[in-house]
Amino acid sequence: MTAVPAADLAVVIVNFNTGDWLARCLASIDAARGDITTDVVVVDNASHDGSADAAAAAGVRLIRNPTNRYLSPAWNQGAAETDAPFLLFLNPDTEWFHGTLADLVAVARRHSRAGIVGPLLRDPDGTVYPSGRRFPSLANAVGHAFVSPITRQNRFTRRYEMDGWDRTTEREVDWVSGACMLFPRSAFDAVGGFDDGFLLYAEELDIATRLRDAGWQVVFTPEVEVIHAVGVSTGGEGRPHRLVVMHSASLYRYYRLHRAAGWRGVTLPLAWLALRVRAEVAWLVGKVRR
């Protein structure tokens, strides 16, 4: 029997109650494949809105989980189903806008030490989303955490989001948004994939940190543009309180694992409390705005 060759690129999408967005996402990547072969895997986390049926209609592989495994475990689950040399993790609330999947893979091939390549992201209204950011210092992290829920026009957020860079140029950054991330499988496997402990939120920050600590780079490129409707699966600004708490727990886990070495260990109880307070402030601000 002749072995089926691996696709050039595996696209892994985790779906949960995204309405018609999954169908739109799949149609857009099919139209923007370029000159590479792809293996598209949709992992559905027990959706109850019928959205997963779009995967079957599109003829891509569909894994139906009986319960919600959340994001990192489901992404790892999908990655294990394919042996393609490049892995693209894509949110279902995205649509390919400019460039092709082949163009994104070409960027990764140009940068031999790129562990992650992320494209330019746009909000549905065309506004450029500030993907490609710095790892925040402790002062910037605290300032951004407490001021950004009220206004993003503050010096902490501007510094963290690399204000002054219009994102029309390719450059190395600390991390990129998890809405669309391309990995060489060699880099992904070298750090053991996503940390299942980050069920939802901060998983892209964690894996970028581990890759950079292992000597890999994170590259932002404007050669490809993707539209992202933030928060379709999680409710956006109107997300349930339990998800706001989950967000704070993920940020605390990141701080504990990567930023609390040495003397900073004594700050862990304060960090936990500060992040919980920040979560409540953000939830209340969102509730008032709604």
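Biologist: Which arginine lies over the face of Trp216, and at what distance from the ring centre?

Modeller: In this predicted model, a charge counts as sitting over a ring when CZ of Arg is within 6 Å of the ring centre and within 35 degrees of the ring normal. A placement of this kind is found at Trp21, with Arg24 lying over the ring face at 4.1 Å from its centre. For the face of Trp216, the residue is Arg113, and the distance from the ring centre is 4.0 Å.

Biologist: How many helices and how many strands does the protein chain have?

Modeller: The protein chain has 290 residues, of which buried residues make up 52%. Its exposed area is about 13100 Å², with 56% supplied by carbon and sulfur atoms. As for secondary structure, the count is ten helices and ten strands.

Biologist: What share of the contacts with a separation of 6 or more comes from residues 24 or more positions apart?

Modeller: A pair that links distant parts of the chain is Phe89 in strand 4 (residues 86-90) with Phe183 in strand 9 (residues 180-184), which are 94 residues apart. Over the protein chain, among contacts with a separation of 6 or more, the share from residues 24 or more positions apart is 78%.

Biologist: Are the rings of Phe89 and Phe183 stacked or edge-to-face?

Modeller: The structure holds nine aromatic pairs. Planes under 30 degrees apart count as stacked and those over 60 as edge-to-face. The rings of Phe89 and Phe183 have centres 5.5 Å apart and planes at 85°, so the pair is edge-to-face.

Biologist: Which residues form one aromatic cluster with Phe89 and Phe183?

Modeller: Phe89 is buried, having a relative accessible area of 0%, and Phe183 is likewise buried, with a value of 0%. The cluster that holds both of these phenylalanines is completed by Trp75, Phe188 and Phe194.

Biologist: Is Asp39, which meets Arg61 in a salt bridge, buried or partly exposed?

Modeller: The side chains of Asp39 and Arg61 meet at 2.6 Å, N to O. This pair links distant parts of the chain, with Asp39 in strand 2 (residues 38-45) and Arg61 in strand 3 (residues 61-65), 22 residues apart. Arg61 has 34% relative accessibility and counts as partly exposed. Since buried means under 20% relative accessible area, Asp39, at 18%, is buried.

Biologist: Which residue is linked with Asp39 and Arg61 in a network of salt bridges?

Modeller: A search of the whole structure finds twelve salt bridges, and the bridge between Asp39 and Arg61 has an N to O distance of 2.6 Å. The residue linked with Asp39 and Arg61 in the network is Glu81.

Biologist: How far apart are the closest N and O atoms of Asp30 and Arg33?

Modeller: Asp30 is partly exposed, with a relative accessible area of 47%, and Arg33 is partly exposed as well, at 26%. The two residues form a salt bridge, in which the closest N and O atoms are separated by 2.9 Å.

Biologist: Which helix holds Arg212, whose side chain meets that of Asp174 in a salt bridge?

Modeller: The bridge between Asp174 and Arg212 spans 3.3 Å, N to O. Asp174 is buried, with a relative accessible area of 17%, whereas Arg212 is partly exposed, at 27%. Asp174 lies in the loop between strand 8 (171-173) and strand 9, and Arg212, 38 residues apart from it, lies in helix 8 (residues 203-213).

Biologist: Why is helix 8 described as largely enclosed by the rest of the structure, and how many of its residues are buried?

Modeller: The buried residues of helix 8 include Leu205, Ile207 and Leu211, along with charged residues such as Glu203, Asp206 and Arg210. Among the elements that cover them are helix 3 (71-79), strand 6 (114-122), strand 10 (217-228) and helix 9 (241-258). The helix counts as largely enclosed because the number of its eleven residues that are buried is nine.

Biologist: Which residue with a positive phi follows helix 8?

Modeller: Helix 8 covers residues 203-213. The residue that follows this helix with a positive phi, near 100°, is Gly215.

Biologist: Which residues make the nonpolar surface patch of about 400 Å²?

Modeller: One of the contributors, Leu273, lies in helix 10 (residues 268-289). Leu273 counts as partly exposed, at 46% relative accessibility, and a patch residue needs over 30%. The patch is made by Leu270, Trp272, Leu273 and Val277.

Note on methods. Residues numbered from 1 in each chain as written. Predicted model: local features only at pLDDT ≥ 70, side-chain atom pairs only at ≥ 80, totals over all residues. Heavy atoms only, no water. Phe/Tyr/Trp six-rings, centres within 6.5 Å; stacked < 30°, edge-to-face > 60°. Helix = DSSP H or I, 4+ residues; strand = E, 2+ residues; numbered from the N terminus. Buried < 20%, exposed > 50% of the residue type's maximum accessible area, 1.4 Å probe, protein only. Salt bridge = Lys/Arg side-chain N within 4 Å of Asp/Glu carboxyl O. Patch = residues over 30% accessible without salt bridge, like charges linked within 9 Å, V, L, I, M, F, W, Y side chains within 5 Å. Areas by Shrake-Rupley, 256 points an atom, 1.4 Å probe, with all protein chains shown as cover. Contact = heavy atoms within 4.5 Å.
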